[in-house]
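Biologist: I am new to this model and would love a close look at one part of it. Could you walk me through how a pair of neighbouring elements fits together?

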Amino acid sequence: MSIARSHSVPGSIIRNFKEITKVRLSVSVVFSSVAGYLLGAETIDYYILLLLCIGGYCMVGASNVFNQIIERDLDALMDRTKDRPLPAGRMGVTPAFILASILTLTGIVVLYVINPQTAMFGAISIFMYVSLYTPLKTRTPLSVFVGAFPGAIPFMLGWVAATNDFGIEPGTLFMIQFFWQFPHFWAIGWFLYEDYKKGGFFMLPNGKRDKGTAIQVILYSIWTVLASLIPAVGVTGRLYITPISAILIGGIGIWLIYYAVRLYKLKTEKAARQLMLVSVSYITLLQVIYVVDKFIR
């Protein structure tokens, strides 16, 4: 029994850490930062890349922990979140706060070692996510707009880490991921509408699953694709893509818009879930195409 217990304690700690920092989400955010770094770097410094991964994970993880501390009572009301460490009672508020604080300080210090601008944007991301986006989620659908700002930082953060400069290139990367947030999170808000309602969260622009919301999903999907194609025009400095890559981006863009239109026609949870999955595939494939284009042209 003692041997089993000694094995279960570390396993429980690791499980709680992964859940409270939202490991999948955090890794996907780090992936965006790495893509931005590879786009901005003239020569790859693997030490800087490692620091970006560690610092990026710490900052995203900290945001998620603070978020779950604030929303722990509401999380207990929703099916998808009631088994998280805090509402399930597997972790207390004090150790969670200590963990979030350690992750925040570690993240800022690690990113500062890369350069001060990277640390500044990382700190802004945490502040906006925890202090603005989180409390607004129960008050107004505009929370998605506010949350889109910290959500769009990772892609451009990698470029800033590589260049120690903020200009048209990271601004474009920011814009792409900013517009992408809307169809992605509105799709989530659509198929989780009933569960979100239990916690009092307002995630859809009209507050309900209707034609108006679906039209806005289509519009923001179109703007996402148009923003993604701007580097093909040659007006974004060192950030540009070849015509072949532009065609590929256009192809996956049509795919994204098709599923947005499909949500408008069907207005079902299944259609919203499919759009969410397509949106994740879109941003991932876009970043891969951008990076591959840079290194093979």
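Biologist: At what angle do helix 6 and helix 7 pack, and how far apart are their axes?

Modeller: Happy to help! This is a predicted model, where local features need pLDDT of at least 70, side-chain atom pairs count only at pLDDT 80 or more, and totals for chains, interfaces and linings use all residues. Residues are numbered from 1 along each chain as its sequence is written, and side-chain values use heavy atoms, without hydrogens and water.

Helix 6 (residues 116–136) packs against helix 7 (residues 143–163) at about 165°, with 9 Å between their axes; helices here are DSSP runs (H or I, at least four residues), numbered from the N terminus. Axes are lines fitted to C-alpha atoms over the stretch in contact, and angles between N-to-C directions run from 0 to 180 degrees. The angle therefore makes helix 6 roughly antiparallel to helix 7 (over 145 degrees). Their crossing is left-handed (the near helix is turned anticlockwise from the far one by less than a right angle).

Contact means heavy atoms within 4.5 Å. On the helix 6 side, the contact residues include Gln117, Phe121, Ser125, Met128, Leu132 and Leu136. Helix 7 answers with residues including Ser143, Val146, Phe149, Pro150, Ile153, Leu157 and Val160. The residues of this contact divide into 15 nonpolar, six polar and no charged. Here Ala, Val, Leu, Ile, Met, Phe, Trp, Tyr, Cys and Pro count as nonpolar, Asp, Glu, Lys and Arg as charged, and the others, Gly among them, as polar.

How values were computed:
Helices (H or I, at least four residues) and strands (E, at least two) are DSSP runs, numbered from the N terminus. Angles under 35 degrees count as roughly parallel, over 145 as roughly antiparallel, 65 to 115 as roughly perpendicular and the rest as oblique.
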